[in-house]
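Open the model in your viewer and keep the selection tool ready. We will go stop by stop.

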There are 2 protein chains.
Amino acid sequence: MTNVSTLAAEKPVARRRDAEATRAAILAAAKKHFAASGYDGAYLRDIAADAGADAALINRYFGGKDGLFAAALKDSIAPDAISQWDRKGFAHDVAKMMAGHAHQNAERTHAFEFLLQAATNPITAPLLNEAVQERFMDPIRQWIGGDHVEARARLLASVFIGLLVERLIRDEPLAGAEREIFIERTAALLQSLVDN
Amino acid sequence: MTNVSTLAAEKPVARRRDAEATRAAILAAAKKHFAASGYDGAYLRDIAADAGADAALINRYFGGKDGLFAAALKDSIAPDAISQWDRKGFAHDVAKMMAGHAHQNAERTHAFEFLLQAATNPITAPLLNEAVQERFMDPIRQWIGGDHVEARARLLASVFIGLLVERLIRDEPLAGAEREIFIERTAALLQSLVDN
DNA sequence: CGGGTAAGTCATTCCCGGTTGACATCGGGC
DNA sequence: GCCCGATGTCAACCGGGAATGACTTACCCG
């Protein structure tokens, strides 16, 4: 997981009094901190400081830590339209991405860390499930089409998640020939699930 | 995640004064609670109560919450010998397990929840990585053998993890024909990774 | 049987972090 | 220019939960 200390200390950008802007700043900071440290590990004071705001404002704008978390979660599960993925290139693109460093996709990786955090927290899990079904599984089902959509969608999602977790956990990506093989096999595996 | 309330209230088995036994009881309770609620969500008082012991003893035996968590983690990553898995039946067995309810394998599921918790906690992640490499990845590499061991092992581990996460997250397993298809395809997928 | 040590109990302290409410200040509209 | 509501600040409160240490009780050994 990302070290939080590196997250703060960068944007004490003096903002003119602007409720909308500070709200957005807080939300952005919250997403980072929740992703890096989880619900309990993220502290409102830190988030506020990172956003260049006062902790009390979190209460005003989000109604407490729970509200902030829910808002951040909702904001995180709004990925680009799955429906527009390329049916042909998809598998290879994903495979290549998975073979690389997690850092290379900082934005996405953070979002995923966040979701994984939410998944492992009994308080936030139900919230997550609902959102994932609606904004991830449903589009996938739609996208792959064909027979046995349900089984294939679940298996595809599983593989996808597994790859993301593995990438998140490991220290070093593969290199050289092993890397090529990994990409090739991963791509083949994904493609087979998409195609039928 | 599991509801903690159901975990307690069962074994106020009056133990004779026995340091080793209480230590073990505490450790067992800790594994359950950490798995169900995560590091922050698990309370020492609850764990102690569940183990029929006093919270102060945790301090005595494990040197604080951190120590207890580390001990529980170490104790959780000692799964049965991978090397003895059946090369033929493996894929189908796993697939069938993954198609079922997480509850059905309470023991294992708990252990996995626990590991996932550890993975998403910045403090415990490094500890986990080391243990996983040594006690999971290495045996897998050994077990599958053949060419491109590294790539195949990683992909296999990814799929495995993904299936576990998916099973953990979802509310309802598949049923009927979809379930059969799911098992069949999952088994095929795993087997292909094992065989070569 | 009696004393000493390990095992277990209890009350208390301490700290941390979310929350609250009173206060200060900005900025736009009259 | 001035006034009022919206925005932002500050200090204090409060609860929960881990840690501490003094105390009590059981067991075992001589």
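Start where the two protein chains meet. This is a predicted model. Select the contact between chains A and B: 37 residues come from chain B and 36 residues from chain A.

Stay on the chain B side. Pick out helix 1, helix 6 (106-119), helix 7 (125-144), helix 8 (149-169) and helix 9 (176-195) of chain B; each gives two or more residues to the side that touches chain A. Now highlight helix 8 of chain B. Its share is the largest, with 14 residues. Color this side of chain B by class: 19 residues are nonpolar, 11 polar and 7 charged.

Next, move to the DNA. Select strand C and the 19 residues around it. Those that come nearest are A:Leu44, A:Gly64, B:Ala19, B:Asp54 and B:Ala56. Which elements each supply at least two residues of this surface? From chain A, look for helix 2 (44-50) and helix 3; from chain B, helix 1 (19-41) and helix 3. Helix 3 of chain A gives the most, with 3 residues. By class, the surface near strand C has 8 nonpolar, 3 polar and 8 charged residues.

Last stop: strand D. Select the 18 residues around this DNA strand. Zoom in on A:Ala19, A:Ala56, B:Leu44, B:Ala56 and B:Gly64, which come nearest. Then show helix 1 (19-41) and helix 3 (55-62) of chain A, along with helix 2 (44-50) and helix 3 (55-62) of chain B. Each supplies at least two residues of the surface near strand D. Color that surface by class to find 7 nonpolar, 3 polar and 8 charged residues.

Conventions
Residues are numbered from 1 along each chain as its sequence is written. Chains are lettered from A and ligands numbered from 1 in the order in which they are written. This is a predicted model: local features need pLDDT of at least 70, side-chain atom pairs count only at pLDDT 80 or more; totals for chains, interfaces and linings use all residues. A residue is near a molecule or strand if its C-beta atom, placed from the backbone, lies within 6 Å of it. Helices (H or I, at least four residues) and strands (E, at least two) are DSSP runs, numbered from the N terminus. Ala, Val, Leu, Ile, Met, Phe, Trp, Tyr, Cys and Pro count as nonpolar, Asp, Glu, Lys and Arg as charged, and the others, Gly among them, as polar. Two residues are in contact if their C-beta atoms, placed from the backbone, lie within 7 Å.
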